[in-house]
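Biologist: I'd like a close look at one part of this protein, explained for someone in their first year. Here's what we're looking at.

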Amino acid sequence: MIKAVIFDLEGTLVDFQWKLTEGERELRKALAGFGFDPDLFSGDNYAQIWNKAIEIALPEDLQKIKDCLSEIYDRYDQDALSRWSLKPGTQEILLLLNKQGVKIGLVTNVGEKAAGEVLLRFNLARFFQKVVTRNDTKFMKPRGEGIELCIAGLGLGKDHALFIGDSLSDIFAAKDAGIKVAIVKGGESSTEEILAASPDYFFDSIQNIPLAQQL
């Protein structure tokens, strides 16, 4: 029985607006300035770029790299924030879960500033017992660190938790954390990519997610 539902933010509760191609290009350029071979990050998305850079950075360079990359992420977050709109059915599913007594969490690669602003803008903050942004973790999704941190904060076991997202990173993060994952169509990743990664559930929209007790 599902007792906790943890959501992704962008692409799941709000529409996806992050300028991936431009942001990833700028991140690779910034890392080249620290002496990294840009080809080292070819094929990596914006989150994988961060994870790999943090893993291989020399200890004496780590904080400077974090500060430099964080400024870029924050800037693209704010740009996306200026265009985010709430996905249809978001308020309704959160209200329903709340009435059912289901604990609700949020795990996002968006930074705490933009995440906090969008939750206030759409009056969503009241629904979440635990919010985890990229500022709360060492590694972003597709690593499972943020989801594990959220589950611990909600005080429930992994067997009773479900993660809902829109992307391959969400699938891999949930699997890395050892919990079930549902994907909502229409976010960052294509339907073909999603189905090939075998999520536990796949829904056309957030409005089609059934009662937690039925999952």
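Leaving aside its neighbours within four places in sequence, which residues is Phe128 in contact with? Take me through that part and what surrounds it, please.

Modeller: Before we dive in, keep in mind that this is a predicted model. With neighbours up to four places along the sequence set aside, Phe128 is in contact with Phe7, Leu13, Leu94, Ile104, Gly105, Leu106 and Leu119. Phe128 also belongs to the largest nonpolar core, a group of 51 residues. Within that core, the residues that touch the most other members are Phe7, Leu69, Tyr73 and Phe128. Helix α3 supplies the largest share of this core, with 7 residues. There's a second, separate core too, made of 19 residues, and Ile6, Val132, Ala174 and Ala197 are among them.

Let's follow Phe7, since Phe128 touches it. Phe7 is also touched by Ile93, which sits in helix α4, residues 90–100. Ile93 has a relative accessibility of just 6%, so it counts as buried. Not counting residues up to four places away in sequence, Ile93 touches Ile206 and Ile209 as well as Phe7. You can see how the chain folds back here: Ile93 and Asn208 are 115 residues apart along the chain, yet their C-alpha atoms are separated by 9.4 Å.

Now for Leu69 and Tyr73, the other two names from that list of four. Both turn up where helix α2 (residues 46–56) meets helix α3 (residues 62–81). On the α2 side you'll find Tyr46, Ile49, Trp50, Ala53 and Ile54, and they meet Leu62, Lys66, Leu69, Ser70 and Tyr73 on the α3 side. Sort the residues of this contact by type and you get 8 nonpolar, 1 polar and 1 charged. How do the two helices line up? Their axes come within 10 Å and cross at roughly 170°. An angle over 145 degrees counts as roughly antiparallel, so that is what α2 and α3 are to each other.

Helix α1 joins in through Leu27, which is located there. Leu27 counts as buried because its relative accessible area is 0%. Apart from neighbours within four places in sequence, Leu27 is in contact with Tyr46, Ile49, Leu69, Ile72 and Tyr73. Tyr46 and Ile49 are on the α2 side of the helix pair we just looked at, and Leu69 and Tyr73 are on the α3 side.

Stay with α3 a moment longer, as Asp77 is in that helix too. Is Asp77 buried or exposed? It is buried, with a relative accessible area of 2%. With neighbours up to four places away left out, Asp77 is in contact with Trp18, Trp84, Val110, Gly111, Ala114 and Arg134. The C-alpha atoms of Asp77 and Lys113 lie 8.6 Å apart, and 36 residues separate the two along the chain.

Next, step into the loop between α1 (20–32) and α2, where Asn45 has its place. Asn45 has a relative accessible area of 15% and is buried. Its side chain and that of Ser169 are joined by a polar contact of 3.5 Å. Beyond its close sequence neighbours (those within four places), Asn45 is in contact with Glu24, Ser169 and Glu188.

Ser169 takes us to helix α7, residues 168–177, where the buried residues are Ser169, Asp170, Ile171, Ala173, Ala174 and Ala177. Ala174 came up earlier as one of the members of the second core. The elements covering the buried residues of α7 include α6 (145–154), β4 (161–165), β5 (180–184) and α8 (191–196). Just past the end of α7, Gly178 takes a positive phi of about 85°.

That brings us to a few backbone oddities. Most residues other than glycine have a negative phi, and most peptide bonds are trans. Asn123 isn't a glycine, but it has a positive phi of about 60°. You'll find Asn123 in the loop between α5 (112–121) and β3, and it is partly exposed, with a relative accessible area of 42%. Ser198 is another non-glycine with a positive phi, this time about 55°. Ser198 is in the loop between α8 and β6 (201–203) and is partly exposed at 46% relative accessible area. Finally, the peptide bond from Lys141 to Pro142 is cis, with omega near 25°. Pro142 lies in the loop between β3 (130–132) and α6.

Notes
Residues are numbered from 1 along each chain as its sequence is written. This is a predicted model: local features need pLDDT of at least 70, side-chain atom pairs count only at pLDDT 80 or more; totals for chains, interfaces and linings use all residues. Side-chain values use heavy atoms; hydrogens and water are left out. Axes are lines fitted to C-alpha atoms, for helices over the stretch in contact, and angles run from 0 to 180 degrees between N-to-C directions. Helices (H or I, at least four residues) and strands (E, at least two) are DSSP runs, numbered from the N terminus. Angles under 35 degrees count as roughly parallel, over 145 as roughly antiparallel, 65 to 115 as roughly perpendicular and the rest as oblique. Contact means heavy atoms within 4.5 Å. Ala, Val, Leu, Ile, Met, Phe, Trp, Tyr, Cys and Pro count as nonpolar, Asp, Glu, Lys and Arg as charged, and the others, Gly among them, as polar. A nonpolar core is a set of buried Ala, Val, Leu, Ile, Met, Phe, Trp, Tyr and Cys residues joined through side-chain atoms within 4.5 Å. Buried means under 20% relative accessible area, exposed over 50%, partly exposed in between (1.4 Å probe, protein chains only). A polar contact is a pair of N or O atoms within 3.5 Å; within protein, one must be able to donate a hydrogen and the other to accept it, and residues adjacent in sequence count only if both atoms are side-chain atoms.
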